[in-house]
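Visitor: Hey, got a minute to walk me through this one?
Guide: Sure, here it is.

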Amino acid sequence: MVANRDPGHVVAIQSQVDEMKGDEVMADGTQTQDPSKPADGTKRKRKGKKGKKAGDEEGVYQSLGDKTIADVAEAIIGAAYVSGGRECGLGAMKALTVPIPGINTWSDFGARVVIPYPHRVAQLREGSLPVLENIIGHKFQQPHLLAQAMTHTTARTSGMTSYERLEFIGDAILDFMVIRYIYDRDHALSPGGLTLLKSAMVSNSTLAAICVSSGLRDHLLFDSQQLAQSIEEYVTVITEKADEENRAAEAERRPAGQFWLGVEPPKALSDVIESVIGAVYISDKFSPVGAEAFFDNVLRPFFDKHITLQTLTHHPTKTLFELIQAHGCQLMKITKDPKCEGATSTCHVKLHEETLSSATGPSPPLAARQASIRALEAIKEGTVVLSRICDCRGRAKDKNTWMAQGFNQALSSLIEERSEAQ
């Protein structure tokens with residue numbers, strides 16, 4: 001992450017803001033009057049969407065909705081962060097007059113945070129601190145914050161604090177790190193595809209599985225027999241499902257998927273992931289170093305192994321349909337070649353009758369699954385594939401209509417696939 005603010009970025013952003021306000025910024029810093037604003041200060045009536053009438057000498061203006069303006073503001077902030085780091089992103093927010101009183105540089109956040117005193121935090125078990133710091137990959141400047149991050153509400157005694165406030169800020173930081181990660185890793189995906197991945201990565205069930213696999217759950221402080229039993233039952237089930245999924249993935253020569261789906265976890269396990277992120281972030285006075293170390297050591301390897309487009313669900317055909325639907329395509333289907341008795345089956349994923357991928361397997365469901373995985377791989381390499389083949393979004397007049405048509409197309413393919421397998 002780039003930490004230093006480039007003044008040039010902020011000046012450019014401020015210029016964009018001034019232009020949005022209607023004044024043209026000249027090279028010497030002066031501003032010219034917007035032609036839509038008369039010199040006498042009166043307001044000029046704007047034209048509607050139909051445009052100007054014949055002989056009308058006034059310009060044509062289009063009103064923008066709040067959502068559009070908000071999207072533009074967010075895009076400006078995103079562009080500032082991507083190009084200049086967090087200081088530049090903060091500068092863009094200030095230029096857009098986002099109300100952040102008393103904050104001018106990123107270090108101001110750390111200077112204003114209120115940290116609980118060590119005597120108000122429970123003590124970690126003996127030996128837990130070095131183990132936890134080894135898991136996280138970062139040494140805490142204020143270890144009592146790590147103890148707070150591991151303290152469940154049932155372990156609170158009079159005046160002691162739990163992880164709830166740390167979880168709150170950790171949730172926001174986790175969202176940001178995940179979005180930045182998939183934005184860089186899956187650079188060719190559309191916003192719809194990125195949203196699918198992000199939702200899978202930050203879900204409670206995913207975070208709980210990470211808490212178990214990383215070993216963090218062994219150091220959770222709580223005082224509830226019911227919670228202890230729930231955690232032990234969850235760990236037993238999730239461990240068995242992980243072993244089953246790994247064996248199946250190896251046999252089918254595919255990546256291991258989300259083995260934790262369908263198992264309801266104790267919420268405390270997912271809370272701990274977020275509270276640890278919040279704790280290390282505050283301990284480092286809002287520097288991202290520790291939080292990024294935790295992400296790189298614990299979260300990133302898990303995501304790379306288990307959460308990609310190819311492993312997003314137990315059946316990649318569903319993932320493929322959701323991704324195609326998010327793009328706006330209504331003409332996707334899976335076809336099968338005629339199968340001779342005793343022979344293998346071949347399936348094709350087609351968009352607008354053009355073959356996107358093909359695969360052969362011992363049965364139609366397995367062939368369709370593999371074809372869907374290959375289609376997801378092709379899309380991951382470049383969404384230009386979809387743009388080249390599909391023009392549904394441009395031709396669609398009714399969004400609900402094309403979404404329904406797309407669902408029917410994909411559902412018909414799945415029904416045929418299952419019927420063939422029976």
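Visitor: Which helix gives the largest share of the lining of the largest pocket?
Guide: That's α2, with 14 residues. Helices here are DSSP runs of H or I with at least four residues, strands are E runs of at least two, and both are numbered from the N terminus. Before we go on: this is a predicted model, where local features need pLDDT of at least 70, side-chain atom pairs count only at pLDDT 80 or more, and totals for chains, interfaces and linings use all residues. Residues are numbered from 1 along each chain as its sequence is written, and side-chain values use heavy atoms, with hydrogens and water left out.

Visitor: How much space lies in that largest pocket?
Guide: About 1,000 Å³. The volume is the space filled by probe spheres set on grid points, which are joined across faces, edges and corners. A pocket is an open set of points on a 1 Å grid over the protein atoms alone, where a 1.4 Å probe fits, with protein on both sides within 12 Å along at least five of seven lines; lining residues have an atom within 4 Å of a point.

Visitor: Which lining residues are closest to its centre?
Guide: Ile-77, Gly-78, Tyr-81, Phe-176 and Ile-179, out of 33 that line the pocket. Helices α2 (66-95), α6 (164-185) and α11 (289-306) each supply at least two lining residues.

Visitor: And how does the lining split by class?
Guide: It has 23 nonpolar, three polar and seven charged residues. Nonpolar covers Ala, Val, Leu, Ile, Met, Phe, Trp, Tyr, Cys and Pro, charged covers Asp, Glu, Lys and Arg, and the others, Gly among them, are polar.

Visitor: Back to α6. How does it cross α10?
Guide: The axes of α6 and α10 (residues 267-283) come within 7 Å and cross at roughly 85°, so the two helices are roughly perpendicular. That label covers 65 to 115 degrees; under 35 is roughly parallel, over 145 roughly antiparallel, and the rest oblique. Axes are lines fitted to C-alpha atoms, for helices over the stretch in contact, with angles from 0 to 180 degrees between N-to-C directions.

Visitor: Who's touching whom there?
Guide: On the α6 side, the contact includes Leu-166, Glu-167 and Met-177, and on the α10 side Lys-267, Asp-271 and Ile-282 are among the residues they meet. Contact means heavy atoms within 4.5 Å. The contact residues divide into nine nonpolar, three polar and five charged.

Visitor: What about α8 and α9, how do they cross?
Guide: Their axes come within 11 Å and cross at roughly 90°. Ser-205, Ala-208, Ala-209 and Val-212 of α8 make the contact with Tyr-234, Val-235 and Ile-238 of α9. The tally is six nonpolar, one polar and no charged.

Visitor: Switching topic: what order do the strands of the open sheet have?
Guide: It's β3-β4-β5, three strands with antiparallel pairing. Strands pair if DSSP finds at least two bridges between them. Five bridges join β3 to β4, and seven join β4 to β5.

Visitor: Which residues does Val-349 stand opposite?
Guide: Ile-334 on one pairing, and Ser-357 in β5 on the other.

Visitor: Anything odd in the β4 and β5 hairpin?
Guide: There are two residues between the strands, and His-352 takes a positive phi near 55°.
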